[in-house]
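Here is a short briefing on one protein model. Look at the sequence and the 3D view first, then read on.

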Amino acid sequence: QVQLVESGGGLVQPGGSLRLSCTASGFTFSRYAMSWYRQAPGKERGLVAAISTTGGSTNYVESVKGRFTISRDNAKNTVYLQMNSLKPEDTAVYYCNARSTVVPTTHWGQGTQVTVSS
């Protein structure tokens, strides 16, 4: 059974940090490019950061460059999103996404809420 389980969300003050984790099971993690998306109330879900299968390539949406870092540990089947210097506009539900590099298959996690507020 395919599962992506996110954790690490919560309430944080502006300027604070959070580290999101997404642990995968039920598929060959190392064959999947991994991404983090987010969706704020009333807005469409959008890409935040992505990482290649080996971790050798990453990309970020402009608004988080220099503040967020995506990484992965293929031995632990886990992808991370380190979020620093958080802003109120970062408030959203954050979703983990796995995209196969072999077959046209995508998996989503259930999402974790991140709220940045004083």
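Which residue in strand 8 does Thr-69 stand opposite? The partner of Thr-69 is Gln-82. Keep in mind that this is a predicted model. The points below cover the sheet, the core, a ring cluster and one loop residue.

**The four-stranded sheet**

- One open sheet has 4 strands in the order 1-3-8-7, and the pairing is antiparallel.
- Strand 1 and strand 7 (68-73) are the edge strands, and each of them pairs on one side only.
- From one strand to the next, the twist averages 15°.
- Strand 7 pairs with strand 8 (residues 78-83) in the antiparallel sense, over 6 bridges.
- Strand 1 pairs with strand 3 (residues 18-25), also in the antiparallel sense, over 5 bridges.
- Here Val-5 stands opposite Thr-23 of strand 3.

**Two faces of strand 1**

- In a regular strand, side chains alternate between the two faces of the sheet.
- Strand 1 (residues 3-7) shows this alternation.
- Leu-4 and Glu-6 point to one face and are buried.
- Gln-3, Val-5 and Ser-7 point to the other face and are not buried.

**The nonpolar core**

- In soluble globular proteins, nonpolar side chains tend to be buried together.
- The largest nonpolar core in this model has 28 residues.
- The residues with the most contacts inside this core are Met-34, Trp-36, Val-79, Leu-81, Met-83 and Tyr-94.
- Several strands each supply at least two residues of the core, including strand 3, strand 7 and strand 8.
- Strand 4, strand 5, strand 9 and strand 11 (112-116) also each supply at least two.

**The ring cluster**

- How many aromatic pairs does a search of the whole structure find? The search finds 3.
- One of them joins Tyr-37 and Trp-108, with 4.9 Å from centre to centre and 65° between the planes. This pair is edge-to-face.
- Tyr-37 lies in strand 4 (residues 32-39) and Trp-108 lies in strand 10 (residues 106-108), so the pair ties together parts that are 71 residues apart in sequence.
- The rings of Tyr-95 and Trp-108 have centres 6.5 Å apart and planes at 85°, so this pair is edge-to-face too.
- Tyr-95 sits in strand 9 (residues 92-100) and Trp-108 in strand 10, 13 residues apart, and their pair links distant parts of the chain.
- Ring pairs link Tyr-37, Tyr-95 and Trp-108 into a cluster.
- Is Tyr-95 buried or exposed? Its relative accessible area is 13%, so Tyr-95 is buried, given that buried means under 20%.
- Tyr-37 is partly exposed, at a relative accessible area of 21%.
- Trp-108 is partly exposed as well, at 38%.

**A charge over two rings**

- The charged end of Arg-45 sits over the ring of Tyr-95, 3.6 Å from the ring centre.
- The charged end of Arg-45 also sits over the ring of Trp-108, 4.7 Å from that centre.

**A loop residue and its contacts**

- Where is Ala-40 placed? Ala-40 is in the loop between strand 4 and strand 5 (46-51).
- Not counting residues up to four places away in sequence, Ala-40 touches Thr-91 and Ala-92.
- Ala-40 and Tyr-94 are 54 residues apart along the chain, and their C-alpha atoms are separated by 8.8 Å.

Terms used
Residues are numbered from 1 along each chain as its sequence is written. This is a predicted model: local features need pLDDT of at least 70, side-chain atom pairs count only at pLDDT 80 or more; totals for chains, interfaces and linings use all residues. Side-chain values use heavy atoms; hydrogens and water are left out. Rings of Phe, Tyr and Trp (its six-membered ring) pair if their centres lie within 6.5 Å; planes under 30 degrees apart count as stacked, over 60 as edge-to-face and the rest as tilted. Buried means under 20% relative accessible area, exposed over 50%, partly exposed in between (1.4 Å probe, protein chains only). A charge sits over a ring if NZ of Lys or CZ of Arg is within 6 Å of the ring centre and within 35 degrees of the ring normal. Two strands pair if DSSP finds at least two bridges between them. Contact means heavy atoms within 4.5 Å. Axes are lines fitted to C-alpha atoms, for helices over the stretch in contact, and angles run from 0 to 180 degrees between N-to-C directions. A nonpolar core is a set of buried Ala, Val, Leu, Ile, Met, Phe, Trp, Tyr and Cys residues joined through side-chain atoms within 4.5 Å.
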